[in-house]
Amino acid sequence: MRHDVITLREIHGQPHVWRESLHHLGKIDYQRLVSGFAPHEVEWVFVGCGTSYYLAQAAASSLSGLLGVSVRAVPASEILLFPSLAMPKGAAAYFPILISRSGHTSEVLQVAEALTRQNVPFMAVTCDGRELEGMTPRVLKLPVVEESTVMTSSFTSMLLGLQYLAATLAKNEAFLYALQTLPASLEELLEKYSSRIEKFAANQVEDVAFLGQGALYPIASETALKVMESSSTYAQYFHTLEFRHGPKSIAGPGTLVGALISETGSDAEVPVLCEMKRLGATTMAVANTASVALRECADLLIELNLPVPELARLVVYVVWGQLFGSYYGLQKGLNPDMPKNLSRVVTI
Ligand code: F1P
């Protein structure tokens, strides 16, 4: 692993960061954070930009799956430009959760200001804090110091934080215990697969698509974003079975199709990847356990073997796309620590 590349160091440092974060999360009073806004009584709206928007989607799926409540996730810009679409019953009918690693992103701060003007309480989830943490008493701040422009350990740690909150409200001790096992599991998986991904990144590709269903759809979205940001390669993301409905026309030699295979939907998802393999695409798969068919269809297979609930695997699924994006960027002669056109925070 290239120790001179900060982004790679931080990706490989996630087991340690997760341990620190989980220790911190064990000391928080979640009832105070959400007091007056029980998710069975008020619809929560997760809000973010870029990676933090995909985090918002993954957090919404987690809350919905753990508590059986309806939740929504929107980009901050939608609340600013189309508030009646984003929150049709009016902001006061919702509990907004504003997610921002930096706490400095202009669109998120503008949403915070608008909610404050309307006297609508909201929660902030952040790493750096900055202005956002000073705009509400309800702050979930993760002990993550991340230098890289692109978000990696900040994404996984804030998602762990929101899953920890949801599982606490659900009194789901088994899920909380499962989260505690992830740092050690990731350490072993990084040892096993990191160099394989570095070798796999030597494949030259033109078109890239990552696929996922259910709570893995935002993880596929974030995976594609990591490839775009870290290697300046255009990558798309789709619900797995949606790929057949038109986008598969891109499939062929020179295409990389990556599938994040769920446990629930694997019987339907694996055939999609095998179909793309038959069309000549290069294929990559992340699965918890692989069927014979998947082993035959995946040029690179990352098998997790995690004995934890499916939702508790989300943070582990995203790591391989984080690595692929950086390794592929290096392969193209780029520097993942200085991604083209990007800054660590978007201010407008
Ligand atoms: C959001 C964001 C990131 C993106 C880049 C610029 O930041 O758009 O998603 O990867 O780092 O900032 P934040 O609001 O979470 O700080």
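Me: Let's start with a polar spot in this predicted model. Which residue has its backbone oxygen 3.4 Å from a polar atom of the side chain of Q322?

Reply: A polar contact needs a pair of N or O atoms within 3.5 Å, and the distance here is 3.4 Å. On one side is a polar atom of the side chain of Q322, and on the other is the backbone oxygen of T152.

Me: Where does Q322 sit, and is it buried or exposed?

Reply: Q322 has its place in helix α15, which runs over residues 319–331. Anything under 20% relative accessible area counts as buried. The value for Q322 is 1%, so Q322 is buried.

Me: Leaving out residues up to four places away in sequence, which residues does Q322 touch?

Reply: T152 turns up again here, having already appeared as the residue whose backbone oxygen lies 3.4 Å from the Q322 side chain. Without counting residues up to four places away in sequence, Q322 touches I11, Q14, T152, T156 and K226.

Me: On to helix α4, then. How far apart are its end C-alpha atoms?

Reply: Helix α4 covers residues 51–67, which is 17 residues. At 1.5 Å a residue it should span 24 Å. The model agrees with that, because the end C-alpha atoms of α4 are separated by 24 Å.

Me: How many of the 17 residues of α4 are buried?

Reply: The rest of the structure largely encloses α4. That follows from its count of buried residues, which is 14 of the 17.

Me: Which residue takes a positive phi just after α4?

Reply: Look just past the end of the helix, which covers residues 51–67. There you'll find a positive phi of about 65°, and the residue that takes it is G68.

Me: Is there any enclosed empty space in here, and how many cavities of 30 Å³ or more are counted?

Reply: Rolling a probe the size of a water molecule over the atoms shows where empty space is left. The largest cavity holds about 30 Å³ of space. The count of cavities of 30 Å³ or more comes to one.

Me: Which elements each supply at least two residues of the lining of the largest cavity?

Reply: The lining is made up of W44, F46, A59, S62, L63, L162, L165 and A166. By class that gives seven nonpolar, one polar and no charged residues. The elements that each supply at least two of the lining residues are β1 (43–48), α4 and α9 (153–169).

Me: What about open spaces? How much space lies in the largest pocket?

Reply: This pocket is lined by 22 residues, with C49, G50, E229, R344 and V346 nearest its centre. Each of α4, β3 (94–100) and α11 (217–231) gives at least two residues to the lining. By class, the lining has nine nonpolar, ten polar and three charged residues. The space in the pocket comes to about 390 Å³.

Me: And the second largest pocket: which helix gives the largest share of its lining?

Reply: About 180 Å³ of space lies in this second pocket. Of its 13 lining residues, I261, S262, S266, T289 and S291 are the closest to its centre. The classes split into six nonpolar, five polar and two charged residues. The largest share of the lining, four residues, comes from α12.

Me: Which elements do the buried residues of α12 pack against?

Reply: Helix α12 has 13 residues (266–278), and its end C-alpha atoms are 18 Å apart, which agrees with the expected span. Its buried residues are E269, V270, V272, L273, C274, E275 and M276. These pack against β6 (207–212), β8 (255–260), β9 (282–287) and α13 (292–297).

Me: Let's finish in strand β3. How far apart are the C-alpha atoms of L98 and A112?

Reply: L98 has its place in β3, and with a relative accessible area of 0% it is buried. Its contacts beyond four places in sequence include V47, V111, A112 and L132. A112 is 14 residues away along the chain, and the two C-alpha atoms are separated by 7.7 Å.

Me: P96 is in β3 as well. How far is its C-alpha atom from that of V270?

Reply: P96 is buried, with a relative accessible area of 1%. Leaving aside neighbours within four places in sequence, P96 is in contact with V45, L115, V120, P121, F122 and M123. V270 is 174 residues away along the chain, and the C-alpha separation is 36 Å.

Conventions. Residues numbered from 1 in each chain as written. Predicted model: local features only at pLDDT ≥ 70, side-chain atom pairs only at ≥ 80, totals over all residues. Heavy atoms only, no water. Expected span 1.5 Å × (residues − 1). Buried < 20%, exposed > 50% of the residue type's maximum accessible area, 1.4 Å probe, protein only. Contact = heavy atoms within 4.5 Å. Polar contact = N/O pair within 3.5 Å; in protein donor to acceptor, adjacent residues only side chain to side chain. 1 Å grid on protein atoms, 1.4 Å probe; cavity = no way out; pocket = protein on both sides within 12 Å on 5 of 7 lines; lining within 4 Å. Points joined across faces, edges and corners; volume = space filled by probe spheres on them. Nonpolar A, V, L, I, M, F, W, Y, C, P; charged D, E, K, R; others polar.
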